[in-house]
Amino acid sequence: MMQRIARILAAAAMLATAATANAQGLAERVREHTLKNGMKLLLVERHTSPTVAAWIRYRVGSVDERSDERGIAHLLEHMLFKGTRTLGTSDYAAEKPLLEKIEVVAQQLTLEKAKGEKGDPVLVEKLEKELAELEKEAGRYVVKEEFAQIYNRHGGANYNAYTSKDGTTYLISLPSNKLELWAAIESDRMRSPVLREFYTERSVVMEERRRSYEAEPEGKLWETFLASAFNAHPMGQPVIGWMSDIQNLTRTKAESFLQRYYAPNNAIIAIVGDIDPEKTIALVERYFGHIPPGSPVPPVAAEEPQQQGEKRIEVVGDSGAELMVGFHKPTLPHRDDLIFDVIEMLLSNGRTSRLHRSLVVEKQLVSSIGAFTAPGHRYPNLFIISATPQAPHTSAEVEAAIYGELERLKSEPVSQRELEQILNRLEYEEARQMTSIGGLARNLTEYEAIAGSWRYLIEHRRQVAGVTPEDVQRVAKKYLIRENRIVGFITPQEVAKK
Amino acid sequence: MRCMFRFAILTTLILSLAACATTPWTVDPRKLTFPPLDFTIPKSERVTLSNGMVVYLLEDHELPLVNVTAYIRTGSIYEPEELAGLAGITGAVLRSGGTVSLSPEELDAELEFMASGVESGIGDDLGNVSMYTLKKNLDRTMSLFAEVITAPAFSDARFELARKNTLEAIRRQNDDPKGIAGREIRRSLYAGHPLGRVATSETVQRIGRDDMIAFYKRFYRPQGMILAVSGDFDSAEMKSRLEKLFGGWRPAGEPLPAVAEPLPTPRREVLFAQKQVSQSVVRMGHLGVEKNNPDQYAIRVMDYILGGGFTSRLTQEIRSNQGLAYHAGSRFDIGRRFPGLFIAETETKAASTARAISLMEEIIAGMTKEPVSTEELLLAKESIINSFIFGFAKADSVVNQQARLEFYGFPDGYLENFRANIARVTRDDVLRVSRKYLRPDLLSVMVVGDGKKFDKPLTTFGPVREIRLETAK
């Protein structure tokens, strides 16, 4: 799932704007407000239909986890659906002591299981039984999926959440007369979440991991590729965590992470749709204004040392061949990030893009090919080209053809017409992004969190317009080189056996 | 603010029993009330061109964009069995193969320079050609859109490319366990019907360019075709533009061939495909109903309670209570033209495969045993009724919604009466339709996974037919 999100973000990085009526429209239409507790609010009034999208984004994601916390941001995303002291329970006072007992037994069990073969199977069995009984007892007080029940009854749509390297986002759309419901539920979720049913949910996340990474060869390649690309920086850790990471997470650890960061000063909210901005600000102040701030998220101190030579990663899989080629690159606000946006569009945007034309249509080496930036944006990341070889061609042939196109970027200046086509595409995208209230809420929260201001949305195209053919050549020569490269590929089982 | 906050914390601690409390800022979301929502279904204009094409139009001047979608009466249900894959290739090459006036490369270059798009595809019972453009490029993009529909060139080279890509997709069709399971259960439930067919490398090798052109000529014509147009344009101008672009296009056509109704499978099948993966994919299902069935509203409510989303019985038991899966749910598809499928699905670790199947059977059968609770009924009905509005959030959705209703022949007033029809559903109705349309005894099961690691052999559920998977080389 995460790579799909990464790709969406990569696509979103292309959305932009400049001096057209629309862009000015967006600039004038966004209303900003910061609460005293540090929470940032972005509002856009739009009356196309009586609906509203509300997105909450926390500036904390998997890069902010310590090594013994890997997977916790994502597991917390699940846990925050479990309710509060008032929602999701019929009697919190009676439930609370049981939750404490569960935690004691679960920690003992986790510890004993972590001993592996040296653990005591009799004790494990005893603790498992005890845990099951306690969970059953606590379960009597659980009101299942109460957030979802209430939202759904009121016509909520797209109720969901996602976790990335950079942040965690909770989203919903509602009929616009129900906005107060969102404020009541979300302020309660921010103020007094209760991580009930933690250990069943931990099993659910293990199933999620099997589903998205272990049963899908492409998922396996993706996480192996990323983990190999980064020696030091947590950017290389899987968002969901490795299986043994998830197995060893406890509610105590999750609560400590929660209390550190899930506070209004680390939250950005976008509300887009059929709203009255003044009344909406008053509503948000009333519900969220009293929630105390927490600690700001400290910067990740780890720095990725410069790569000392090409890295090559093989995954043997029960599937056809796949290929990924990545290069380390800086992230925004570094100007080279912007030039990579141009390179990405030159190489892979549409049927006329260089990689599609050359590898899909002319040489017919691949059935599909794409380029994107991943896996996150707050810290230096990777420019990645991903291709599906077409039989009988091998990954090696595809790789050589990709390098041929990358060499062209270094040796030939990009034509003015290609640059103009990119600006035209950005002009279209800036209008299109306004068509969906959810899409606009996503862009506003993403850019506020990653670029430091949503205004990047209205500056990006102007900046791209300043990119020259020499810029593209310089950046290609600097980063798209062998020593800076990671190559990952799936070798089909049958081929590996030979 | 600060003092108030301390007071609030204290209150919560003391009153945690009655936390639906009365502090100034704690409002119980369960007890909120709301002003009524002002909403009427937006209407688009319907006109007929001189050649018989139907057009739905809806202006929306907020953004300088125009979208058009054409609905064409064709589909893979009409392709000859020995040429399975023909419809998909025709749909792709209609766009990729250029037009009589522009080579494929010229067409791509001109559209992409304007940041406009034209796309085309053919599904089971429908063909689409769609376009998007900035208003300033409307004229040129629309004429290219019309050319793709009325004068495609089907370039030989692009035909070969599309065929190669289709063969590659077939070569890789067993890479993804979920893809295998979905395909194979559909094949089994629609056995003997065009909806149950899948293209193979043999059928695709057999397809020639002439077959594709003949397929296009047979189905692409103004009679029965519907256009949905939305965005920043003037309706009067748009009508005359469409008349100019399409009015003279009058190819002859023969009536659409009849396609038989699919028949329910006489007995359940237990299907298994071996794949060395840690998680099994489970799909269970049988044939369902189509849109003219008057019980469809009660079925929708039943489906919501059984398998629709976070609050459903399947998700709550399999995911939330037992932690057996990340995803568990069902969908009772109300077919638009033919009976749809009822499919329940989950993925679970190999060692809980049989347990998950038994649980799903039990939960499905549970729907037929006693009435659902009043709370479940209320939640399902309110959710369906109150989220109805999201089908109309954009002009583009409104106009396409209306085009589709006509294309598939939904009865007049279908949308207008939809919410009232859901509101009328009772607990007795849900029990009645559960008993009539959920057939636990006929549920076929498809499992992809590592058979040796299952908790119980699949023969527990009946005689097993194994599907041998060929994998990509």
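Which residue stands opposite B:Met284 in S13(B)? In this predicted model, the residue of S13(B) that stands opposite B:Met284 is B:Val445, and the pairing to which the two strands belong, S8(B) with S13(B), is antiparallel and runs over five bridges. The report starts from this strand, moves outward through chain B, and then turns to the contact between the chains and to chain A.

**The sheet around S13(B)**

Strand S13 of chain B, residues 444-449, is also joined by five bridges to strand S7 of chain B, residues 270-274, and these two strands run parallel. Within that pairing, B:Val448 is the bridge partner of B:Ala273. The wider arrangement is an open sheet of six strands in chain B, ordered S10-S12-S8-S13-S7-S14, with mixed pairing. At its edges are strand S10 (328-332) and strand S14 (464-466) of chain B, each of which pairs on one side only. On average, neighbouring strands of this sheet are turned by 20° against each other, direction ignored.

In a regular strand, side chains alternate between the two faces of the sheet. For S13(B), both faces are covered: B:Ser444, B:Met446 and B:Val448 lie on one side, while B:Val445, B:Val447 and B:Gly449 lie on the other, and all of them are buried. Put as a count, six of the six residues of S13(B) are buried.

Two helices can be placed against this sheet, and they come from two chains. Helix H8 of chain A, residues 198-214, lies across strand S8 (279-287) and S12 of chain B, and runs at about 100° to S12(B). Helix H10 of chain B, residues 296-307, packs on the sheet by touching S10 and S12 of chain B, and its direction makes about 170° with that of S10(B).

**Strand pairs of chain B**

The pairs discussed here include one further case, S1(B) with S2(B), which is set beside the two pairs of S13(B) in the table.

| Strand pair | Sense | Bridges | Opposite residues |
|---|---|---|---|
| S7(B) and S13(B) | parallel | five bridges | B:Ala273 and B:Val448 |
| S8(B) and S13(B) | antiparallel | five bridges | B:Met284 and B:Val445 |
| S1(B) and S2(B) | antiparallel | four bridges | B:Thr48 and B:Val54 |

Strand S1 covers residues 45-48 and strand S2 covers residues 54-59 of chain B. They form a hairpin with five residues between the strands, in which B:Gly52 takes a positive phi near 100°.

**Chain B as a whole, and the nonpolar cores**

Chain B contains 16 helices and 14 strands, and its C-alpha trace spans about 75 × 60 × 45 Å along its principal axes. Of its 473 residues, 47% count as buried. Among contacts in chain B with a separation of 6 or more, 81% are between residues 24 or more positions apart.

In soluble globular proteins, nonpolar side chains tend to be buried together. The largest nonpolar core of this model has 213 residues, and those with the most contacts inside it are A:Ala254, B:Phe145 and B:Val301. Its largest share, eight residues, comes from H10(B). Leaving aside neighbours within four places in sequence, B:Val301 is in contact with residues including B:Leu377, B:Ile384 and B:Val430. Another core, of 51 residues, lies apart from the largest one and has A:Ile402 and A:Val467 among its members.

**Where the chains meet**

How many residues does each chain give to the contact? Chain B gives 72 residues and chain A gives 69 residues. On the side of chain B that touches chain A, the elements giving two or more residues include helix H1 (2-14), helix H5 (156-171) and strand S12 (341-349) of chain B. By class, that side has 36 nonpolar, 17 polar and 19 charged residues.

**Two places in chain A**

A:Pro264 lies in the loop between helix H11 (251-261) and strand S6 (267-273) of chain A. This residue counts as buried because it has 25 C-beta neighbours inside 10 Å, where 20 or more are required. Not counting residues up to four places away in sequence, A:Pro264 touches, among others, A:Leu35, A:Met190 and A:Phe288.

Elsewhere in chain A, the axes of helix H14 (residues 354-362) and helix H15 (residues 395-411) come within 10 Å and cross at roughly 145°, in a right-handed crossing. The contact is made by A:Arg354, A:Leu355, A:Ser358 and A:Leu359 of H14(A) with A:Val398, A:Ala401 and A:Glu405 of H15(A), and these residues divide into four nonpolar, one polar and two charged.

Definitions and conventions
Residues are numbered from 1 along each chain as its sequence is written. Chains are lettered from A and ligands numbered from 1 in the order in which they are written. This is a predicted model: local features need pLDDT of at least 70, side-chain atom pairs count only at pLDDT 80 or more; totals for chains, interfaces and linings use all residues. Two residues are in contact if their C-beta atoms, placed from the backbone, lie within 7 Å. Ala, Val, Leu, Ile, Met, Phe, Trp, Tyr, Cys and Pro count as nonpolar, Asp, Glu, Lys and Arg as charged, and the others, Gly among them, as polar. Two strands pair if DSSP finds at least two bridges between them. Axes are lines fitted to C-alpha atoms, for helices over the stretch in contact, and angles run from 0 to 180 degrees between N-to-C directions. A residue is buried if 20 or more other C-beta atoms lie within 10 Å of its own, exposed if 12 or fewer, and partly exposed in between; C-beta atoms are placed from the backbone. A crossing is left-handed if the near helix is turned anticlockwise from the far one by less than a right angle, and right-handed if clockwise. A nonpolar core is a set of buried Ala, Val, Leu, Ile, Met, Phe, Trp, Tyr and Cys residues joined through C-beta atoms within 7 Å.
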